[in-house]
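I set out to record what a structural look-up returns for this chain. The entries below follow the order in which I made the queries.

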Amino acid sequence: MSGYSLFLLKDMLKELGEDSTKNIVSSFLCPMNPDVENFLHFKAIEFERRGYATTYLVYASYKQNPELAGYFSLAQKQFTIADKSVRAKSKTGKTQGLSKALLKKIAKFGTHDKKLGIHTIPAPLIGQLGKNYAVNGGRLITGDELLKIACDKVWEFQRLFSGRVVYLECEDKPKLIDFYSENGFVEFGKRYLDPDENDVDGDYLVQMLKDLKAFYEKS
């Protein structure tokens, strides 16, 4: 997407050193989502070192200066989908779940336990995604643009190697679900929180995925 520049956090660490990098990321503010802010401030650098996740910093020009507009982190994980995961109507009347056709397509990339009726599929996880509200009130980039940049990056890798989908996990809040749904993600399950995940409302996260192959090859 034009107008934005991406920088790998690991490259910034190598070129500028840890102190300067920490000073840069500490300027990131996201009052609407403290977990997103805390990750960049306190966890992203350690996750880079351990190989748990790769963080991309997204910059935009503001008053002729490059400013941190937002960031996202990617990690290679795996998720599970039950054979019975098919489309169904929710209480609000919205269609939820995967179609049988999509489940069949993505199942080819994983393994299937016939006894349990569960597919296990490796895929990139968008672990964190957030705008920086410290500059121009968060208006340097929209949420839609930031999410598209993250998906573009995943698809770039998948075109070179393999894969079809990207997934994420979010709190069960209508505003979040609607945002991701409007950007082509569909719900496929829930993941109950680990004991150390105590900074999330509720006891589970909603899992959503997007069929990147269908989206990019169609567009």
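**Entry 1: Asp 211**

I began with the side chain of Asp 211, which reaches the backbone nitrogen of Lys 213 at 3.4 Å. The model is a predicted one. A polar atom of that Asp 211 side chain also lies 3.2 Å from the backbone nitrogen of Ala 214. I placed Asp 211 in strand β10. I then asked whether Asp 211 is buried or exposed. Asp 211 counts as buried because its relative accessibility is 13%, and the cut-off for buried is under 20%. Leaving out residues up to four places away in sequence, I listed Leu 102, Arg 164 and Val 165 as the residues that Asp 211 touches.

**Entry 2: helix α4**

Leu 102 led me to helix α4, residues 100-107, where Leu 102, Leu 103, Ile 106 and Ala 107 are buried. These residues cover an arc of only 130° around the axis, so they sit on the same side of α4. In general, an α-helix has 3.6 residues a turn, so residues three or four places apart point the same way. I noted the exposed residues Lys 100 and Lys 104 on the face of α4 turned away from its buried side. I next asked what covers the buried residues of α4. The cover includes β3, β7, β8, β9 (186-192) and β10.

**Entry 3: strand pairing**

I turned to β3 and its partners. β2 and β3 run antiparallel and are joined by nine bridges; Thr 54 has Leu 74 in β3 as its bridge partner. The hairpin of β2 and β3 has two residues between the strands, and Lys 63 there takes a positive phi near 55°. β3 and β7 also run antiparallel, with 13 bridges between them. For Lys 77, I found the bridge partner in β7 to be Ala 123.

**Entry 4: the nonpolar cores**

Which residues of the largest nonpolar core touch the most other members? I recorded Phe 72, Ile 126, Leu 129, Cys 151, Tyr 180, Phe 185 and Met 208, out of 30 residues in that core. At least two residues of the core come from each of β2 (54-62), β3 (65-82), β7 (118-131), α5 (143-160), β8 (165-170), α6 (174-182), β10 (204-211) and α7 (212-218). α5 gives the most, with seven residues. Another core lies apart from this one and has 15 residues, among them Val 25, Phe 28, Leu 40 and Ala 44.

**Entry 5: the cysteines**

I looked up Cys 151 in its own right. Setting aside residues up to four places away in sequence, Cys 151 touches Ile 126, Val 166, Phe 185, Lys 210, Leu 212 and Tyr 216. Cys 151 counts as buried because its relative accessibility is 2%. How many disulfides does a search of the whole structure find? The search finds zero. For Cys 151, the nearest cysteine sulfur is that of Cys 170, 13 Å away, whereas a disulfide requires sulfur atoms within 2.5 Å. Cys 170 is likewise in no disulfide, and at 6% relative accessibility Cys 170 counts as buried.

**Entry 6: Phe 42**

My last query concerned Phe 42, in helix α3, residues 34-50. Is Phe 42 buried or exposed? Phe 42 counts as exposed because its relative accessibility is 64%, and the cut-off for exposed is over 50%. I also checked Phe 42 against Lys 153, which is 111 residues apart from it along the chain. The C-alpha atoms of Phe 42 and Lys 153 are separated by 24 Å.

Terms used. Residues are numbered from 1 along each chain as its sequence is written. This is a predicted model: local features need pLDDT of at least 70, side-chain atom pairs count only at pLDDT 80 or more; totals for chains, interfaces and linings use all residues. Side-chain values use heavy atoms; hydrogens and water are left out. A nonpolar core is a set of buried Ala, Val, Leu, Ile, Met, Phe, Trp, Tyr and Cys residues joined through side-chain atoms within 4.5 Å. Buried means under 20% relative accessible area, exposed over 50%, partly exposed in between (1.4 Å probe, protein chains only). Helices (H or I, at least four residues) and strands (E, at least two) are DSSP runs, numbered from the N terminus. Contact means heavy atoms within 4.5 Å. The arc is that of the directions from the helix axis to the C-beta atoms. Two strands pair if DSSP finds at least two bridges between them. A polar contact is a pair of N or O atoms within 3.5 Å; within protein, one must be able to donate a hydrogen and the other to accept it, and residues adjacent in sequence count only if both atoms are side-chain atoms.
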